[in-house]
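Q: Please take me through this model step by step, and settle the vocabulary before the details.

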Amino acid sequence: MSTAYENNSAVANFVEYLRIPSVQPDINYDECVNFLKRQANEIGLEFQIYEVVPLKPIVVLTWLGQEPNLPSILLNSHMDVVPVFADSWTYPPFSGHIDEEGKIFARGSQDMKCVGIQYLEAIRRIKGDGVQLKRTLHISFVPDEEIGGHDGMKKFVLTQEFRALNIGFALDEGMANPTDEFVIFNGERSIWQIHIHCTGQPGHGSLLIPNTAGEKLRYIIDKFMDMREKEKKKLESDGKLTIGDVTTINLTQISGGVQSNVVPEKLTVVFDVRLAVTVDYDDFEKKINQWCKEAGDGVTIEFEQKNPKVECTKTDNSNPYWVAFKRACDEMNLKLDCRIFPGGTDSRYVRRVGIPAIGFSPMNNTPVLLHDHDEFLSADIYLRGIDIYEKLIPAIANV
């Protein structure tokens, strides 16, 4: 550890958490659970484990508020991290190495073990100062976010145990930003992963057989890629737009056929589509159904994922939590840039059950390295994040 931070307990806790290799797939979460239980005991927080799915613990630390009947605040983070290509890292990816510049290298340093520990360190300080909060705080550490959250937050929000937490507002992860602005996210695009199966007349590869799967596949690909090109131009032509403001379409898989001289009876193409919040989902579905009809007979659609439209969290005076969040940021002179999140986080499940949520990771002046080699977070940025949550948490918990 760099000598500048060797006596800093907040940094030491972060590094200890980063050294737990909770890497997808097939994670044993026991080490994370034991670490968090110890933190709860040290800080004086209630500790609870919910297991909606066996071996996928949802850890919730609770600080009861002075008015526990009021809707509570949820501070969410996920324990899992994505796989690594260790040979491409300067330092071992689960070492938590701190270099001479104070950069903390580890998988999860940005995505998102930093935020979970920043919550806890801020609460440790707030409690240590003898402050009491009006609303109850629940600090959740969930599994499997990096593989869609299907056995984590997606199922947890539908349980009686979650409803009993009485959440009124949630904070979850955002992203790093290379400029001095802090990016916050009040909504997410919906993920539609679409498999289109094209069947047709098979035969010998030397003939020009009519009604082939390949001709239909080409029609479908052209339609999707033409739409992709329009969205790309829209993004490039307007400097105010970010990737979250447009619909992204990517062809991710093509499969079928048996050998090179046989015209196949079936070909399948897969598209990963992220629908902008401004899109009419019914119209979009009608459009792709129409393309399939136009492509010819025997063209069918199968959805691997088809997320519903979820209302964005209001960032105006109608949302008292947002008003408190924004006022606290203004008092700290934080420049905010509000966007739609480009990927998917657990916030989508929280918003889906009607709870307003903001995605926020206090990492400005930091390159975006989530899922990348040599993921790092500067110790100074990490520590500043604790200062920020020390002001933000009481602001929203005292609404």
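A: To begin with exposure, a residue is called buried under 20% relative accessible area, exposed over 50%, and partly exposed in between (1.4 Å probe, protein chains only). This is a predicted model, in which local features need pLDDT of at least 70 and side-chain atom pairs count only at pLDDT 80 or more, while totals for chains, interfaces and linings use all residues. Residues are numbered from 1 along each chain as its sequence is written, and side-chain values use heavy atoms, with hydrogens and water left out.

Q: OK, cysteines then. How many disulfides does the rule give?

A: A disulfide here is a pair of cysteine sulfur atoms within 2.5 Å, and by that rule the count is zero. For C32, the closest cysteine sulfur belongs to C114 and is 14 Å away, which is too far for a bond.

Q: And C312, which cysteine sulfur is nearest to that one?

A: The nearest sulfur to C312 is that of C338, 8.7 Å away, and C312 is in no disulfide.

Q: Are C32 and C312 buried or exposed?

A: C32 counts as buried, at 0% relative accessibility, whereas C312 is partly exposed, with a relative accessible area of 22%.

Q: Switching to the sheet with β13, what's the strand order?

A: Helices (H or I, at least four residues) and strands (E, at least two) are DSSP runs numbered from the N terminus, and two strands pair if DSSP finds at least two bridges between them. On those terms there is an open sheet of four strands in the order β11-β13-β9-β14, with antiparallel pairing.

Q: Why do β11 and β14 each have one side without a neighbour?

A: β11 and β14 (299-306) stand at the edges with a single partner strand each, so one side of each has no neighbour in the sheet. As for the twist, neighbouring strands are turned by 20° against each other on average, direction ignored; angles run from 0 to 180 degrees between N-to-C directions, and axes are lines fitted to C-alpha atoms, for helices over the stretch in contact.

Q: What packs on that sheet?

A: Helix α6 (residues 213-237) does, touching β9, β11, β13 and β14, and its direction makes about 15° with that of β13; contact means heavy atoms within 4.5 Å. Helix α7 (residues 281-295) lies across β9, β13 and β14 and runs at about 150° to β14.

Q: How many bridges hold β13 to β9 and to β11?

A: Strand β9 (residues 190-199) is joined to β13 by ten bridges, and strand β11 (residues 248-256) pairs with β13 over eight. V269 of β13 is the bridge partner of I196 and also of I254. Strand β13 (residues 266-275) is mostly covered, with nine of its ten residues buried.

Q: New topic: how do α1 and α3 pack?

A: Helix α1 (residues 9-18) and helix α3 (residues 113-128) pack at an angle of about 145°, with their axes 10 Å apart. The residues of this contact divide into six nonpolar, one polar and three charged, where Ala, Val, Leu, Ile, Met, Phe, Trp, Tyr, Cys and Pro count as nonpolar, Asp, Glu, Lys and Arg as charged, and the others, Gly among them, as polar.

Q: Which residues meet there?

A: From α1 they are A10, N13, F14, Y17 and L18, and they meet K113, C114, I117, E121 and R124 in α3.

Q: Where are the cis peptide bonds you'd point me to?

A: One joins Q24 and P25, with omega about -5°, and P25 is found in the loop between α1 and α2 (30-43). Another joins D111 and M112, with omega about -15°, and M112 sits in the loop between β5 (103-105) and α3.

Q: And what about phi at L55 and H371?

A: L55 has a positive phi of about 70° although it is not a glycine, and at 67% relative accessibility L55 counts as exposed. H371, also not a glycine, has a positive phi of about 70°, and H371 is partly exposed at 44%.

Q: Last one, what is G152 in contact with?

A: Leaving aside neighbours within four places in sequence, G152 is in contact with I58 and P143. G152 is buried, at 0% relative accessible area, and its place is in the loop between β6 (137-142) and α4 (153-156).
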